[in-house]
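Subject: Structure for you to look at

Hello,

Here is the structure I promised to pass on. Please open it alongside this note, and I will walk you through what turned up.

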Amino acid sequence: MPELVFFRRGEEVLRVAVDRARLVLGRGEQSDVAIPDPEVSRQQVALLWDGERCRIEDLSGKGTTVAGKSLTTGELADGADLALGQWRAVFRVRAGGEGADQTTEVGHTTSVQTPDAKASRWQAAQVRVKQGLNESVHRLTGEGFTAGKDAACDLVLNDRFASSRHLKVTRRDGVFHVVDLRSTNGTWLGPVRVFEAEVPLPTVLRVGETELVLEAAAQAARKEVADFHGIIGADPSVKQLAELIERVAPSSAAVTVLGESGTGKELVARAIHACSQRANRALIPVNCAAISKELIESELFGHEKGSFTGAANARKGAFEEADGGTLFLDEIGELPLDLQAKLLRALEGGEIKRVGASRPVQVDVRVVAATNRDLLAAAREGRFREDLYYRLCVIPLHLPPLRSRKADLSMLAEHFIRTYAPRGQAVRFTPSALERLQHHAWPGNIRELRNVVHRALLLRKGPVIDAGDISFDQELNRDTGISVPEIPPGMTLEQMLERLERQIVEAALKRCNNNRERVARELGVARSTLFKRLKDWGLTKQDEQE
């Protein structure tokens, strides 16, 4: 899997996998990776990955510097670097390659000691093996282990750069003693190649494209319990969601994932696909809000050669590409009404027709849709087909917002640190940093948390993230001092204002213990106006509606 490796002043500070069709870099909270630099636009550049090639699309209107040249579009070659303010991002087609900077070979004994090293002698320990996004955990039961490609090793590494017997790790006087067994490509501790070293817990060793994380057993034990196909959390709502996914995944019924923006709807779709009988076939994601109305039909159903201007060749659509697998339709509420009838026909009969084709073709596709809108309300207002709503929402899955599962916050933040920290570095949060995270409202949910962790990794001054390294989206209007959020793609100004109005009213109701009179006085609106808004949003009780 390709990745972006970020550097500041020549030091690697962040790694991000290019694990989706479109990855946006920018300063704003709607970007997938937040770059805390005033020279970077709110949405600077998008990386478009099709599984073989990566293209860039400048979103700033000023051009993005790639390999020293300012580009608006173009293909991103392996090893090309993007200039992003005071940061530099290097694109690598294959994650886990050698570092961009030169490493240093040192003497045959390296000592890494801490005052509490002796306390870890009899501490239950384990080694977490990380290869790209895949992880496995092995409990250490004896006084040590050997690792390498040889089947006789205690820990067998499936790594092309590992030697048959690569290294040996033993406990000695409260620390772990690491010995490289004359391997070809070496054992690495950060940027340093080691032949013999004494290390405490936790420590990250690198062997080829594999990381061996020596840590206390309790750390990974928490992770094993909390991780379900990438869905992290121990909250009862998350456990219930995981159980529902396991129950509905084996069927071919349509599923709609409902939840606020940034709660991880695509992650749920991928979990459904992974648990289904279609897991060995393709999962094709389509963002209905990110494609123009003129192209969305061709994107979904494909087109024949010459069917419209620019159609030089015939092309399969998302339905044909997902044949036998799963099609994920994100932001389904943005689909134009005229296309909703064609989607309904595809769902009911498994029949689609390319643009310009004379006859339809049959496809076997399981559809998972997602939206942050109230589709039923949209259907009643005529903005969404009611028959399509009932066809898509055979099984609705509701995702809880992050503010309702604050107990999972530390677990999620530590997961993002493990995922995005530079290879070979064990970065951690200080207690004050975790406390700062707990006091934030998280209107952007898990996406916002991921961006905050990205930003903290870029801003930190050492191996820990302190409270001062954590910053939230504080782009304030200089005249009013009010935070000005970005309008998400596909949303109109009127829709954004309605969302903000509802959030303000809901926050006031919570603050005033649901006292409507007090809320109306505080917001300076008539009580009848407030009650009408609450009724429109479905926030009134049944007897009040009557």
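Since elements are named below, a word on them: helices (H or I, at least four residues) and strands (E, at least two) are DSSP runs, numbered from the N terminus. With that naming, S163 belongs to the loop between β17 (155-156) and β18 (167-172). Please keep in mind that this is a predicted model.

First, the overall picture. The chain has 15 helices and 35 strands. It runs to 546 residues, 48% of which count as buried. Among contacts with a separation of 6 or more, 59% are between residues 24 or more positions apart. The accessible surface is about 27300 Å², and carbon and sulfur atoms hold 48% of that area.

Next, the interior. The largest nonpolar core is made of 49 residues, and L4, F6, L47, F429, L437 and L449 have the most contacts inside it. Helix α11 (residues 445-459) gives this core its largest share, 7 residues. Another core lies apart from it, with 30 residues that include F301, A318, L329 and A369. Back in the largest core, L47 may be a good residue to click on: beyond its neighbours within four places in sequence, L47 is in contact with a list of residues including L4, V18, L25, I56, L76 and F91. C54 is also one of the contacts of L47.

That brings me to the cysteines. How many disulfides does a search of the whole structure find? The count is 0. For reference, a disulfide is a covalent bond between the sulfur atoms of two cysteines. Two cysteines show contrasting settings: C54 is buried, at 1% relative accessibility, whereas C275 is partly exposed, at 23%.

On the outside, I504, L523 and V525 make a nonpolar surface patch of about 220 Å². V525 sits in the loop between α13 (516-523) and α14 (527-536). Its relative accessible area is 34%, so V525 counts as partly exposed.

Now back to S163 and a partner of that loop residue. At 12% relative accessibility, S163 is below the 20% cut-off and therefore counts as buried. Leaving out residues up to four places away in sequence, S163 touches G148, K149, S183 and T184. G148 is found in strand β16 (residues 144-148), and this glycine is buried, with a relative accessible area of 0%. Beyond residues up to four places away in sequence, G148 touches C153, L155, V156, L157, S163, S164 and H166. The C-alpha atoms of G148 and D159 are 8.5 Å apart, and 11 residues separate the two in sequence.

Finally, some backbone angles you may want to check. Which residues other than glycine have a positive phi? H229 is one of them, with phi near 50°, and W442 is another, at about 55°. Both are in loops: H229 between β25 (227-228) and β26 (231-232), and W442 between α10 (431-438) and α11. Are they buried or exposed, or in between? H229 is partly exposed, at 42% relative accessibility, while W442 is buried, with a relative accessible area of 0%.

Happy browsing, and do write back with any questions.

Best wishes

Conventions
Residues are numbered from 1 along each chain as its sequence is written. This is a predicted model: local features need pLDDT of at least 70, side-chain atom pairs count only at pLDDT 80 or more; totals for chains, interfaces and linings use all residues. Side-chain values use heavy atoms; hydrogens and water are left out. Buried means under 20% relative accessible area, exposed over 50%, partly exposed in between (1.4 Å probe, protein chains only). Contact means heavy atoms within 4.5 Å. Accessible areas come from the Shrake-Rupley method with a 1.4 Å probe; for residues, only the protein chains shown count as cover. A nonpolar core is a set of buried Ala, Val, Leu, Ile, Met, Phe, Trp, Tyr and Cys residues joined through side-chain atoms within 4.5 Å. Patches are made of residues with over 30% relative accessible area and no salt bridge: like charges are joined within 9 Å, nonpolar side chains (Val, Leu, Ile, Met, Phe, Trp, Tyr) within 5 Å. A salt bridge is a side-chain nitrogen of Lys or Arg within 4 Å of a carboxyl oxygen of Asp or Glu. A disulfide is a pair of cysteine sulfur atoms within 2.5 Å.
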